[in-house]
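Student: Could we go through this structure together, one question at a time, with the reasoning spelled out before each result?

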Amino acid sequence: MSEAEFSSAALAAGALALEWDAATDELTLSGDAAAMGLSGAAKAGRLEALGERLAPGDRPALEALAAGRELDVRLRLVGEDRRLRLIRLIGRSEAGVWRGLILPAGATPEDGLERLDLEADLRAALAAGAITAHHQPIVSLADRRLAGFEALARWVRAAARLMRADDFMPLALELGLAGQIGTAVRAAAAADAAAWRALAPKANALFVAANATAGEICDPGFADSLIANVDAAGLPARAFNLEITETEIMRDPDAAERAMQALKSAGFSLALDDFGTGYSSLARLDRFPFDTVKIDGYFIRAAGADASARAIIASVVRIAHSYAMGVVAEGVETEADAVLCAELGCDLAQGFRFARALSGEAAGEAVVSGVAGRFLAAGA
Ligand code: CA
Ligand code: CA
């Protein structure tokens with residue numbers, strides 16, 4: 001397409017025509033650059049000025065333009081009006097001149113600069129080790145002793161603001177950072193658990209559980225690197241429990257099974273997480289070497305008032321026990337929940353009845369002393 005053809009196509013589509021000369025780095029935007037929030041870039045006349053408006057994750061696409069490839073990509077761009085725009089950038093280069101179009105590709109009402117700041121903060125936090133693990137106690141229902149913890153991702157932002165995983169994991173997934181965060185949380189879990197065990201040598205059955213997605217465990221290097229990291233932290237493999245959901249496993253059951261068998265052989269224990277939220281049966285999951293089943297908090301919350309929820313819990317307990325698996329009740333919020341879960345045969349429980357997630361240090365104190373009115377010290 002010639003320059004003139006691009007310009008007329010741009011006008012017809014309400015888009016901008018873009019022309020960039022690689023030799024001189026001269027950028028020409030024709031059309032209503034202000035409507036696209038790009039009048040600054042148009043005035044600056046440099047490709048870099050356009051790049052400054054793009055989300056960090058989208059910048060490689062602009063570099064591909066500089067390298068002269070053919071392009072058809074969707075990008076996120078913040079205009080001078082701070083609005084976030086989704087744009088489509090298409091075109092190709094000929095003889096060192098790149099010609100293309102910037103088309104609107106939908107819009108969102110969120111504040112674009114705030115969003116880009118959040119992305120930059122999240123990347124910096126990950127690099128600086130500010131994303132770490134907090135630990136929610138898991139308590140034995142038979143004697144109300146601390147049995148272990150589930151490590152959950154927490155981001156300590158500026159001004160002592162603590163962000164829960166739900167607040168930043170969707171963004172992390174979008175930016176492709178979830179795996180790095182998972183690795184950081186599992187490493188922190190192993191290091192903290194090794195420290196607790198040193199504080200309370202009698203608590204030798206104490207475990208720490210951490211989560212992994214199917215995308216992570218199906219990575220061929222996952223099991224080996226987790227085994228090496230837990231070993232390097234000085235934590236026995238049997239004290240580390242990896243939680244995986246049924247839905248995640250079913251994305252690639254064969255690869256998941258290989259990783260799980262490798263972890264089992266190394267001495268790790270495995271938990272089937274959020275059970276009941278997917279749609280398969282425990283019998284179908286028999287091929288996977290789980291040690292425990294975690295019943296989703298949804299059933300525990302319903303159980304007080306709903307006989308069918310109680311029947312589901314009782315039957316999960318029966319089947320799990322017949323496979324020699326332990327059962328953890330999640331989302332135990334009240335003493336009545338805890339009593340009911342014990343009556344229904346659950347072995348362990350976790351939830352606000354016992355504690356929210358604790359910092360590594362507070363978790364260490366709970367290992368040694370318990371929390372009055374909540375649960376007893378581990379292994380005492
Ligand atoms: Ca979990
Ligand atoms: Ca869970």
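Tutor: What follows is a set of questions and answers on a predicted model.

Student: Which protein residues are the donors of the calcium ion (ligand 2)?

Tutor: The protein donors lie 2.2 to 2.6 Å from the calcium ion (ligand 2), and along the chain they follow the spacing D-D-x55-E. Glu 330 appears twice in the list with OE, while the two aspartates each appear with OD. The residues asked for are therefore Asp 273, Asp 274 and Glu 330.

Student: Which residue coordinates both the calcium ion (ligand 2) and the calcium ion (ligand 1), and how many Å apart are the two ions?

Tutor: The residue that coordinates both ions is Asp 273. The separation of the calcium ion (ligand 2) and the calcium ion (ligand 1) is 3.5 Å.

Student: How many residues apart are Asp 274 and Glu 330, and in which elements do they lie?

Tutor: Asp 274 belongs to strand S11 (residues 269-275), whereas Glu 330 sits in the loop between strand S13 (326-329) and helix H14 (335-343). The pair thus links distant parts of the chain, its members being 56 residues apart.

Student: Is Glu 330 buried or exposed?

Tutor: Buried means under 20% relative accessible area, and Asp 274, with 24%, is partly exposed because it does not fall under that limit. Glu 330 has a relative accessibility of 10%, so it counts as buried.

Student: Which strand is joined to both S11 and S13, and how do the strands run?

Tutor: Between S11 and S12 there are 3 bridges, with the strands running parallel, and Ala 271 has Thr 292 as its bridge partner in S12. Between S12 and S13 there are 4 bridges, again with parallel strands, and Lys 294 has Val 328 as its bridge partner in S13. In strand S12 (residues 292-295), Thr 292 and Lys 294 point one way and Val 293 and Ile 295 the other way, all of them buried. The strand joined to both, running parallel to each, is S12.

Student: Within what arc do the buried residues of H15 fall?

Tutor: In helix H15 (residues 360-369), the buried residues are Ala 363, Gly 364, Ala 366 and Val 367. Seen down the axis of H15, these residues line one face of the helix, because they fall within an arc of 160°.

Student: What covers the buried residues of H15, and which residues are exposed on its other side?

Tutor: The cover includes strand S6 (131-140), strand S7 (146-157) and helix H7 (178-199). On the other side of H15, the exposed residues are Glu 361, Glu 365 and Ser 369.

Conventions: Residues are numbered from 1 along each chain as its sequence is written. Chains are lettered from A and ligands numbered from 1 in the order in which they are written. This is a predicted model: local features need pLDDT of at least 70, side-chain atom pairs count only at pLDDT 80 or more; totals for chains, interfaces and linings use all residues. Side-chain values use heavy atoms; hydrogens and water are left out. Donors are N, O and S atoms within 2.8 Å of the metal (3.2 Å for Na, K and Ca); water is not among the atoms, so sites may look incomplete. Helices (H or I, at least four residues) and strands (E, at least two) are DSSP runs, numbered from the N terminus. Buried means under 20% relative accessible area, exposed over 50%, partly exposed in between (1.4 Å probe, protein chains only). Two strands pair if DSSP finds at least two bridges between them. The arc is that of the directions from the helix axis to the C-beta atoms. Contact means heavy atoms within 4.5 Å.
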